[in-house]
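I opened this model to look up a ligand site, some domains and a handful of single residues. My entries are below, in the order in which I made them.

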Amino acid sequence: MTEPPRLAVIGAGPAGLAATLAAAARGVRVTLVDAGQGPGGQFWRQPAPELRARRPQALHHQWRTWKRLRTGLDTHLTAGRVTYLTDHHVWCVERESAGFTVHALLGPEQERPVSVRADGVLLATGGYEKVLPFPGWTLPGVITAGGAQAMLKGGLVLPGRTAVVAGTGPLLLPVATGLASAGARVVAVVDSTDPRAFVRRAGVLVREPTKLAEGAGYAARLLRYGVKAVMCHAVLEAHGTERLEGVTVAALDRRGRPVPGGTRYITCDTLAVSHGLLPHTDLADGLGCGLDGSAVRVDAEQRTDVPGVWAAGEATGIGGATLSLAEGHIAGRSAAARLRGILPDPASWAPAARTRTRLRTFFTALDSVYTPPARWAEQVTDDTVVCRCEEVTAGAVREAVGGLGAGDLRTVKLLTRAGMGWCQGRVCEAGVAGVAGCPPTPGRRLLARPVPLGVLAEAGDEGGAGGGA
Amino acid sequence: MNPLDLVRARPDAAFRLTFDGRPIEALPGQTVAAALWTAGEMSWRTTRGSGTSRGVFCGIGVCHDCLVTVDGRPNLRACLVPAEPGADVRTQEGTGHHDD
Ligand SMILES: Cc1cc2nc3c(=O)[nH]c(=O)nc-3n(C[C@H](O)[C@H](O)[C@H](O)COP(=O)(O)OP(=O)(O)OC[C@H]3O[C@@H](n4cnc5c(N)ncnc54)[C@H](O)[C@@H]3O)c2cc1C
Ligand code: FES
């Protein structure tokens with residue numbers, strides 16, 4: 001009997017889980033690899049089992065879908081069709097003559113190397129948050145909105161007592177609702193979006209009634225918690241010495257500039273801020289997959305440009321959990337067929353493809369509505385740190401452009417070290433580009449995770465690269 | 001309401017660890033960052049350049065702002081590392097290697 005083909009799925013969020021179930025049900029051996037302690041990704045991040053939450057659904061949406069995925073995963077695990085590796089941080093996927101090797105580092109300290117062999121690879125690595133810089137954004141107490149949500153869902157902790165949720169994008173409402181329901185006093189939700197932008201895209205937006213109902217549901221719950229939401233406003237500055245003590249919020253005019261005399265101070269110990277999400281593309285980039293803007297490029301079957309590599313979910317563009325599920329399902333089915341040498345029949349995933357088309361259209365429209373104020377960079381003072389790791393100020397970036405003539409992000413980086421620190425520019429790229437006035441070209445990162453030198457030295461040597469799986 | 005009551009969590013007994021020598025409590029399953037937040041601590045690192053305070057920013061292992069020293073090992077991301085009973089958690093200054 002011939003061995004079934006092997007697929008490595010990287011990421012156990014909505015996309016990776018849907019893909020795993022679809023492929024495992026169709027005669028493929030799946031190894032599901034994720035950095036986290038349990039499945040669920042960002043959307044269904046679960047409290048650690050030791051916390052023994054008896055009603056984890058109180059922090060979640062679409063719980064029934066999650067239960068179905070969880071049960072499906074368990075069934076395949078028991079049957080031996082899926083191997084699930086938790087706490088495995090993948091730092092690179094290597095393409096070989098016959099298949100792929102996924103290189104991961106194990107454990108919280110990420111030092112023990114493990115490699116996984118597969119015939120195909122499916123990237124479901126999700127995204128991370130974009131935050132544009134403003135004075136005071138490095139103060140402890142200023143956190144990303146999704147980070148606040150992740151700490152709440154995973155560790156059952158709140159950052160402080162009194163929170164402002166600010167920025168732009170659809171994530172602000174669930175985060176504000178999550179914080180309020182868990183007992184934080186959310187004093188304001190501050191969104192810079194101009195409501196007139198919604199009106200301009202109303203034609204597309206009303207075609208997705210469930211999404212609108214979701215938004216309205218959050219708004220109604222916030223009202224019940226007594227949370228005030230304001231549009232066309234932005235946080236100009238976070239104040240405090242050792243930690244956050246308050247924020248200055250300004251009303252914005254039509255061009256996105258603060259209205260003179262339209263500012264007020266709000267006392268708070270937490271500012272959860274977000275300006276949207278960015279796709280995780282490092283592994284795809286390392287494999288040589290092409291990008292569309294900031295997302296991994298895929299075809300109708302969710303195949304990347306590299307044969308044998310699929311991508312699904314927010315790695316291929318930001319669009320929420322339901323879209324990620326649809327893409328994962330399609331990718332898993334396509335991979336299962338092609339790895340078994342069969343031509344897939346797109347008619348068999350037609351409902352998922354329809355969901356994908358609808359939601360992509362919806363999120364493209366939403367994306368054009370939720371944009372940060374056009375002139376946000378003007379509010380970033382010269383002494384504001386824009387690259388958090390290397391402590392590069394906006395003044396230094398402006399000097400590199402104005403004084404030294406840097407015309408692109410790469411030159412700015414070389415002249416200032418912005419983006420060369422621990423996070424490899426993931427956090428500061430959009431901010432530095434905005435302050436420099438350059439297009440935000442995504443930086444190439446050879447490694448998806450920091451790797452100890454010893455591991456790199458041994459990488460060529462399979463025996464030394466630790467236990468295979 | 002607090003997060004634990006919201007999801008009706010019934011964790012095993014809290015355990016002790018120390019932060020800069022002071023005892024703090026953590027729940028089994030929490031990360032070092034979650035334990036520090038529970039204890040009301042928001043910052044546990046000072047930067048290499050200006051020596052300003054930092055703590056959690058992204059909460060998911062991307063930003064490296066939450067670096068901390070645990071049992072003498074510097075540069076661990078507090079938002080990823082599980083809290084262990086008796087751990088010696090310390091504020092990390094600069095690179096954490098006493099070389100700057
Ligand atoms: C911090 C954060 C919080 C969010 N909270 C919400 C929310 O409350 N409500 C909401 O509607 N949307 C939320 N979102 C949006 C949410 O990410 C998407 O809607 C959805 O989870 C996308 O699904 P996905 O499967 O594409 O990716 P994700 O759910 O992001 O899953 C990706 C998985 O890949 C793993 N991974 C990534 N890179 C590697 C690697 N190199 N090695 C190993 N594993 C890796 C990650 O650990 C993760 O489990 C949040 C996003 C972020 C970043
Ligand atoms: S808070 Fe960003 S890495 Fe820990």
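The entries go from the ligand to the domains, then to one helix and to several residues of both chains.

**Entry 1: ligand 1.** I note before anything else that this is a predicted model. I looked up what surrounds ligand 1 and found 31 residues around it, of which Ala15(A), Asp34(A), Val90(A), Gln149(A) and Glu314(A) come nearest. I checked which chains take part: residues from chains A and B surround ligand 1, so the site is shared between chains. By type, the shell divides into 13 nonpolar, 14 polar and four charged residues.

**Entry 2: polar atoms at the ligand.** I then went through atom pairs at ligand 1. The side chain of Asp34(A) has an N or O atom 2.6 Å from an oxygen atom of the ligand. I found two pairs with the backbone as well. A polar backbone atom of Ala35(A) is 3.1 Å from a nitrogen atom of ligand 1, and for a polar backbone atom of Val90(A) the distance to a nitrogen atom of the ligand is 2.9 Å. I looked up the cover next: on its own, ligand 1 has 980 Å² of accessible area, and the protein covers 93% of this.

**Entry 3: elements and domains at the site.** Which elements of chain A each supply at least two residues of the shell around ligand 1? I listed helix 1 (14–24), strand 4 (88–96), strand 8 (127–129), helix 3 (145–155) and helix 9 (320–339). For chain A, the domain assignment gives domain 1 (6–128 + 278–365), domain 2 (133–274) and domain 3 (379–436). Both domain 1 and domain 2 of chain A give residues to the shell, so ligand 1 lies between them. I also took the distance between the centres of domain 1 and domain 3 of chain A, over C-alpha atoms, and got 33 Å.

**Entry 4: helix 4 of chain A.** I asked how many of the 10 residues of helix 4 (residues 172–181) of chain A are buried. Nine are, so the helix is largely enclosed by the rest of the structure. The buried residues include Leu172(A), Pro174(A), Val175(A) and Ser181(A). I looked for what covers them and found, among others, helix 3, strand 10 (162–167), strand 11 (185–191), helix 7 (209–224) and strand 16 (270–274) of chain A. Helix 1 (3–6) of chain B is also included in this cover. Gly183(A) follows helix 4 of chain A and has a positive phi, near 105 degrees.

**Entry 5: positive phi outside glycine.** Most residues other than glycine have a negative phi. I therefore noted two exceptions, Arg417(A), with a positive phi of about 75 degrees, and His64(B), with a positive phi of about 65 degrees, as reason to look further. Arg417(A) sits in the loop between helix 12 (409–416) and helix 13 (429–436) of chain A. His64(B) is in the loop between strand 4 and strand 5 (67–70) of chain B. Buried or partly exposed? Arg417(A) is partly exposed, at 40% relative accessible area, whereas His64(B) is buried, at 4%.

**Entry 6: Gly51(B).** I found Gly51(B) in the loop between strand 3 (45–46) and strand 4 (53–54) of chain B. Its relative accessible area is 39%, so I entered Gly51(B) as partly exposed. Leaving out residues up to four places away in sequence, Gly51(B) touches Glu391(A) and Thr46(B). The C-alpha atom of Gly51(B) is 26 Å from that of Pro82(B), 31 residues apart along the chain.

**Entry 7: Gln92(B) and Asn75(B).** Gln92(B) lies in strand 8 (residues 92–93) of chain B and is buried, at 0% relative accessibility. Asn75(B) is in strand 6 (residues 73–77) of chain B. With a relative accessible area of 19%, Asn75(B) is also buried, since the cut-off is under 20%. The side chains of Asn75(B) and Gln92(B) make a polar contact at 2.6 Å. I then looked at Thr95(B): its backbone oxygen is reached by the side chain of Gln92(B) at 3.4 Å and by the side chain of Asn75(B) at 3.3 Å. Beyond four places in sequence, the contacts of Asn75(B) include Trp422(A) in the other chain, along with Leu67(B), Val68(B) and His97(B). Among the residues that Gln92(B) touches are Trp44(B), Arg45(B), Thr69(B) and Pro74(B).

Technical notes
Residues are numbered from 1 along each chain as its sequence is written. Chains are lettered from A and ligands numbered from 1 in the order in which they are written. This is a predicted model: local features need pLDDT of at least 70, side-chain atom pairs count only at pLDDT 80 or more; totals for chains, interfaces and linings use all residues. Side-chain values use heavy atoms; hydrogens and water are left out. A residue is near a molecule or strand if one of its heavy atoms lies within 4 Å of it. A polar contact is a pair of N or O atoms within 3.5 Å; within protein, one must be able to donate a hydrogen and the other to accept it, and residues adjacent in sequence count only if both atoms are side-chain atoms. Accessible areas come from the Shrake-Rupley method with a 1.4 Å probe; for residues, only the protein chains shown count as cover. Helices (H or I, at least four residues) and strands (E, at least two) are DSSP runs, numbered from the N terminus. Ala, Val, Leu, Ile, Met, Phe, Trp, Tyr, Cys and Pro count as nonpolar, Asp, Glu, Lys and Arg as charged, and the others, Gly among them, as polar. Domain bounds come from an automatic or database domain assignment. Buried means under 20% relative accessible area, exposed over 50%, partly exposed in between (1.4 Å probe, protein chains only). Contact means heavy atoms within 4.5 Å.
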